[in-house]
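Q: Could you give me a close look at one strand here and walk me through what goes on along and around it? Feel free to take in some other spots afterwards.

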Amino acid sequence: FEQNYDETIDKYKVEIKTTGKNLWEHGDIVGDISIFNYEKPILKKGMTCTISGNCVKQYDINQALALLDKESNLVHYSYITQSSTVVITEDIYTIYLYSNGLSYGNSKGKSTTFKDIQIELNDMRTPYEPYRESTISFYLDEPLRSIGDVRDRVFIQNGEVKIERKCGSV
């Protein structure tokens, strides 16, 4: 999120990016091996997610999706056409797509169209929905604060923005 003080109205403007259920923002992918790196983790340790998708062209082995941590260690892999539910054991910073199993050598030069990829925070597969993103803006009298790992919390409940203060006023 971003927050900036607006002097004209003496309030803090907060903007939060929200997404729908599908966290996969890249749409359909055509290629043999695709690598997606994220500055911040796309999935955090302790989350449960379900991974699913389809492929247009099949090879000897199913097409695979691999989740890697910040040091590029393999945390989880699954075959894209077989729905998989996983509890994330390390923060995920990189996602690989392989056209022919979990192998660079077997996948190189074997193009596949990966379709309808869905990564959702859920413990079961639900019908595919494309990635959706929007920004919510609102104003606060006091800024959101944090001290170490303790942070004020913002959430939406019954269509309204709610603030749970964990850090007091200055």
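A: First, a working definition: a salt bridge here is a side-chain nitrogen of Lys or Arg within 4 Å of a carboxyl oxygen of Asp or Glu. Keep in mind that what you're looking at is a predicted model.

The strand to zoom in on is E2, which covers residues 11–19. Let's start with valine 14, one of the residues in E2. Valine 14 is buried, because its relative accessibility is 0%, and the cut-off for that label is under 20%. What does valine 14 touch, once you skip residues up to four places away in sequence? The list has Phe1, Glu2 and Gln3, and then, at much higher residue numbers, Ile136, Ser137, Phe138, Leu140 and Leu144. For a sense of distance along the chain, try tryptophan 24: it sits 10 residues from valine 14 in sequence, and the two C-alpha atoms are 25 Å apart.

Now for the charged residues around valine 14. Glutamate 15 pairs up with lysine 13 in a salt bridge, with 3.3 Å between the closest N and O atoms. Glutamate 15 counts as partly exposed because its relative accessibility is 28%. Lysine 13 has a relative accessible area of 30%, so lysine 13 is partly exposed too.

A bit further along, the side chain of lysine 17 meets that of glutamate 133 in another salt bridge, at 3.5 Å from N to O. This one ties together distant parts of the chain: lysine 17 belongs to E2, glutamate 133 belongs to strand E11 (residues 133–140), and 116 residues separate the two. With 45% relative accessibility, glutamate 133 lands in the partly exposed class, which is why I wouldn't call it buried.

E2 also has a part in the largest pocket, which holds about 1,200 Å³ of space. There are 22 lining residues, and the closest to the pocket's centre are Phe1, Lys17, Lys40, Pro41 and Lys44. So lysine 17 turns up again, because it is in that central group as well as in the bridge to glutamate 133. Two elements give two or more residues to the lining, namely E2 and strand E14 (153–157). E2 gives the most, with 4 residues. As for chemistry, the lining splits into 11 nonpolar, 3 polar and 8 charged residues.

Stepping back from the strand, the whole structure holds 12 salt bridges. Another of these joins the side chains of lysine 166 and glutamate 164, at 2.9 Å from N to O. Both partners are partly exposed, because lysine 166 has a relative accessible area of 48% and glutamate 164 has one of 27%. Elsewhere, Lys21, Glu129 and Arg132 form one network, held together by salt bridges that share partners.

One last stop is serine 99, in the loop between strand E9 (94–98) and helix H1 (104–107). Serine 99 has a relative accessible area of 0%, so it counts as buried even though it lies in a loop. Where does the side chain of serine 99 reach? It comes to 3.2 Å from the backbone oxygen of serine 107. That same side chain also reaches the backbone oxygen of lysine 110, at 2.5 Å.

Notes
Residues numbered from 1 in each chain as written. Predicted model: local features only at pLDDT ≥ 70, side-chain atom pairs only at ≥ 80, totals over all residues. Heavy atoms only, no water. Buried < 20%, exposed > 50% of the residue type's maximum accessible area, 1.4 Å probe, protein only. Contact = heavy atoms within 4.5 Å. 1 Å grid on protein atoms, 1.4 Å probe; cavity = no way out; pocket = protein on both sides within 12 Å on 5 of 7 lines; lining within 4 Å. Points joined across faces, edges and corners; volume = space filled by probe spheres on them. Nonpolar A, V, L, I, M, F, W, Y, C, P; charged D, E, K, R; others polar. Polar contact = N/O pair within 3.5 Å; in protein donor to acceptor, adjacent residues only side chain to side chain.
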